[in-house]
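Here's a quick tour for anyone meeting this structure for the first time. Have a look at the picture, then read on for how some of its helices meet and what sits around its ligands.

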Amino acid sequence: MKIFRFIPILVLLILVSALSLTSCKNEKPAATTDTTKTSTTTQTTPATPGTTSSVTLNDKAKKGQLLYYNTSLGKRKVACANCHTDGSSKTQDHQIRQGHTLAGVTGRTSTWNGMYKGDNLKKNAHGASLCAAIFQHRADITTVGNALSADEVDGLNEYLAAINSAPGAMTSDLKIQWVAKPTFNDDPPNDKLVKPVVKAIMKLPGDPKAGETVFSQSCGTCHSINDKKIGPPMVKAAQDMNNVAQTVRFGTGDMAFYAKDVLSDQQIADAIAYIQSQLGK
Ligand code: HEC
Ligand code: HEC
């Protein structure tokens, strides 16, 4: 019988998945646990020694690491770790983050699709200034350069250099697959750009069950259906499903966009179906 040939493979698969499950259980999810708290004290979640065993950190890099996990860096209480992995086991969880890995970023010759290159890379912690200004609400678009202090930039540069070869590092320049350059201010994106993007998502039949997973792995960092977290609750935010689709692809205010390689149209349609099922719409 042919089927017997597969039994050893099956056993192996079961073993491997059991192993990875148990190892996940021991991981503390990155920063997410702190982000829902509204306490005003500074909350930092330094990586526990040992989790980044292959990476040695000098004092500056350690400061940078604290910033990276700090959920109180800006008014929004969102940490770099919520949106980017650093390749350490702490951020190797099941979250789907809006931003790509920061491991390898110091090997890239340009970031933010060409917005930062040459001298501007180190001056802006490889583009982190823009994130701190807009997504963490530390400056506005006209004063991005002031979003991080010189010390903070220094620390982040050292930390980013230290994680340059962390697991999953991406050293080649990142081609961000946004549908349009984000506006980074309160101006809504151009209607002509928005319409076809929203239409493509809304015409897909969404599966609420699959959407529940998408929601918990991505939106769930910042949103719940009924309660305010980093972002508004869905009962308030999701009045109009076309607007939900638009927000996910283009971002809005402090919320970052999801590029096409981060969430597919189908995943967004599924998340919307889940939200609708929860709101009874
Ligand atoms: C709300 C989510 C969010 C937060 C918070 C955030 N970022 Fe980002 N960041 C993004 C997105 C989205 C991009 C676009 C490029 C991408 O997809 O990685 C980006 C881009 C970057 C880039 C440029 C990458 C490249 O090659 O183009 C760097 C460097 C960076 N972020 C560092 C940081 C650091 C350090 C922090 C904390 C101080 C931070 N970010 C906070 C979402 C975020
Ligand atoms: C890293 C945090 C973060 C993640 C992850 C996130 N959001 Fe948001 N979201 C926000 C914030 C912050 C706001 C409020 C933006 C503002 O008004 O400045 C927001 C606002 C919204 C709004 C209201 C838009 C409006 O027009 O007022 C919708 C809808 C929304 N998010 C949907 C989603 C969905 C769906 C997902 C998952 C696919 C998601 N968000 C993931 C932070 C996040």
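Helices α8 and α11 are roughly perpendicular to each other, because an angle of 65 to 115 degrees counts as such and their axes cross at roughly 110°. Keep in mind that this is a predicted model. Helix α8 covers residues 191-202 and helix α11 covers residues 241-250, and their axes come within 9 Å. The crossing in which α8 passes α11 is right-handed. So who does the touching? On the α8 side you'll find V194, V197, V198, I201 and M202, and on the α11 side M241, N242, A245, Q246, R249 and F250. Sorted by class, the residues of this contact are eight nonpolar, two polar and one charged.

A second pair worth a look is α9 (residues 208-217) with α12 (residues 265-279). Their axes cross at roughly 100° and come within 7 Å, which makes α9 roughly perpendicular to α12. From α9, the contact takes in P208, A210, G211, E212, V214 and F215. Facing them in α12 are Q267, D270, A271, I272, A273, Y274, I275 and S277. This contact has nine nonpolar, three polar and two charged residues.

Here are the two helix pairs side by side:

| Helix pair | Axes come within | Crossing angle |
|---|---|---|
| α8 and α11 | 9 Å | roughly 110° |
| α9 and α12 | 7 Å | roughly 100° |

Now for the ligands. Helix α11 turns up again at ligand 2, where it gives four residues to the shell, the largest share. The shell around ligand 2 has 23 residues in total, and the closest are C219, C222, G231, G253 and M255. Along with α11, α4 (80-83) is an element that gives two or more residues to this shell. By class, the shell splits into twelve nonpolar, nine polar and two charged residues. Where does ligand 2 lie with respect to domain 1 and domain 2? Domain 1 (32-162) and domain 2 (191-279) both give residues to the shell, so ligand 2 lies between them.

Ligand 1 has 27 residues around it, and C80, C83, G99, A128 and C131 come nearest. Here the elements that give two or more residues are α4 and α6 (128-134). The shell around ligand 1 divides into 17 nonpolar, nine polar and one charged.

Terms used
Residues are numbered from 1 along each chain as its sequence is written. Chains are lettered from A and ligands numbered from 1 in the order in which they are written. This is a predicted model: local features need pLDDT of at least 70, side-chain atom pairs count only at pLDDT 80 or more; totals for chains, interfaces and linings use all residues. Axes are lines fitted to C-alpha atoms, for helices over the stretch in contact, and angles run from 0 to 180 degrees between N-to-C directions. A crossing is left-handed if the near helix is turned anticlockwise from the far one by less than a right angle, and right-handed if clockwise. Two residues are in contact if their C-beta atoms, placed from the backbone, lie within 7 Å. Ala, Val, Leu, Ile, Met, Phe, Trp, Tyr, Cys and Pro count as nonpolar, Asp, Glu, Lys and Arg as charged, and the others, Gly among them, as polar. A residue is near a molecule or strand if its C-beta atom, placed from the backbone, lies within 6 Å of it. Domain bounds come from an automatic or database domain assignment. Angles under 35 degrees count as roughly parallel, over 145 as roughly antiparallel, 65 to 115 as roughly perpendicular and the rest as oblique.
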